[in-house]
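Biologist: I am new to reading structures, so could you walk me slowly through one part of this one? I would like a close look at the salt bridges and at how open their partners are.

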Amino acid sequence: MRVIEPIKIDLISSTVPDSSADVWDGDTAYTAGTRVLVTHSKDGTDTIVQTEYVARRDNTGAYPPDNVTEHDAARTTVSD
């Protein structure tokens, strides 16, 4: 068996479009199917995680990462 050491690869371009979803706001009423973005640090590190969520049903104030019955994660982007 041969061990292959990992190397860091920097992505310099992509054909994947950025999300056009709005940033989640706890005071906004969302209808089912609405897409929102939530950005946070990963486990308190410098790594930034941006996840796009889709509302499963109408809701207000249901923070997507903490309310999996209200939202589905659609896409996640990680950067450092």
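Modeller: Here is a walk through the salt bridges, one pair at a time. Please keep in mind that this is a predicted model, where local features need pLDDT of at least 70 and side-chain atom pairs count only at pLDDT 80 or more, while totals for chains, interfaces and linings use all residues. Residues are numbered from 1 along each chain as its sequence is written, and side-chain values use heavy atoms, with hydrogens and water left out.

The structure holds four salt bridges (a side-chain nitrogen of Lys or Arg within 4 Å of a carboxyl oxygen of Asp or Glu). Let us start with Arg-35 and Glu-52, whose side chains meet at 2.6 Å, N to O. This pair links distant parts of the chain, 17 residues apart: Arg-35 sits in strand S3 (residues 35-41) and Glu-52 in strand S4 (residues 48-55). Strands here are DSSP runs (E, at least two residues), numbered from the N terminus. Glu-52 is buried at 7% relative accessible area, whereas Arg-35 is partly exposed at 43%; buried means under 20%, exposed over 50% and partly exposed in between, with a 1.4 Å probe and protein chains only.

Next come Arg-57 and Glu-70, bridged at 3.4 Å, N to O. Arg-57 lies in the loop between S4 and S5 and Glu-70 in the loop between S5 and S6, so this bridge ties together parts 13 residues apart in sequence. Glu-70 is buried at 17%, and Arg-57 is partly exposed at 42%.

Finally, look at Asp-10 and Lys-8, which form a salt bridge at 4.0 Å, N to O. Here Asp-10 is exposed at 56% relative accessibility, and Lys-8 is exposed at 68%.

Notes:
Helix = DSSP H or I, 4+ residues; strand = E, 2+ residues; numbered from the N terminus.
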